[in-house]
Amino acid sequence: MKKKIHPLIFPLKIICSCNNIINIFSTLKKNFFIDVCYKCHSYYTGKQKISFSKGRIKNLKKRFKNINFLF
């Protein structure tokens, strides 16, 4: 392996808005902030809401009834 061609790797903290800290190694030098992570995202926590769109297509067709290229 050649020497002095690989980038330096630094310990890095990713800080979420829920105050969860994820420690990784990266070529970046600064910590950075994210909005959601695996501890606060609704998909991973099981608090995901499922909405059914039963009447939405009818409302969309009613709204755009004069435009023929959509339907």
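**Two residues in a β-β-β-α-α chain**

At 60% relative accessibility, Pro11 counts as exposed, since the bar for that label is over 50%. The model behind this value is a predicted one. Pro11 sits in strand E1, and that strand spans residues 10–16. Exposed or not, Pro11 still has company from further along the chain: leaving out neighbours within four places in sequence, Pro11 is in contact with Ile24 and Phe25. Lys29 comes into the picture as well, with its C-alpha atom 8.0 Å from that of Pro11 and 18 residues separating the two along the chain.

Asn20 makes a handy counterpart. This residue belongs to the loop that links strand E1 (10–16) to strand E2 (21–26). With a relative accessibility of 9%, Asn20 counts as buried, because the cut-off for buried is under 20%. Once the neighbours within four places in sequence are set aside, the contacts of Asn20 are Ile14, Ile15, Cys37, Tyr38 and Lys39. Of these, Ile14 and Ile15 fall within the 10–16 range of strand E1.

Now for the chain as a whole. Three strands and two helices make up its secondary structure, and they run in the order β-β-β-α-α along the sequence. Buried residues account for 10% of the 71 residues, with Asn20 being one of them. The accessible surface adds up to about 7,300 Å², and carbon and sulfur atoms hold 58% of that. As for contact range, take the contacts between residues at least 6 apart in sequence: 2% of them join residues at least 24 apart.

Technical notes. Residues numbered from 1 in each chain as written. Predicted model: local features only at pLDDT ≥ 70, side-chain atom pairs only at ≥ 80, totals over all residues. Heavy atoms only, no water. Helix = DSSP H or I, 4+ residues; strand = E, 2+ residues; numbered from the N terminus. Buried < 20%, exposed > 50% of the residue type's maximum accessible area, 1.4 Å probe, protein only. Contact = heavy atoms within 4.5 Å. Areas by Shrake-Rupley, 256 points an atom, 1.4 Å probe, with all protein chains shown as cover.
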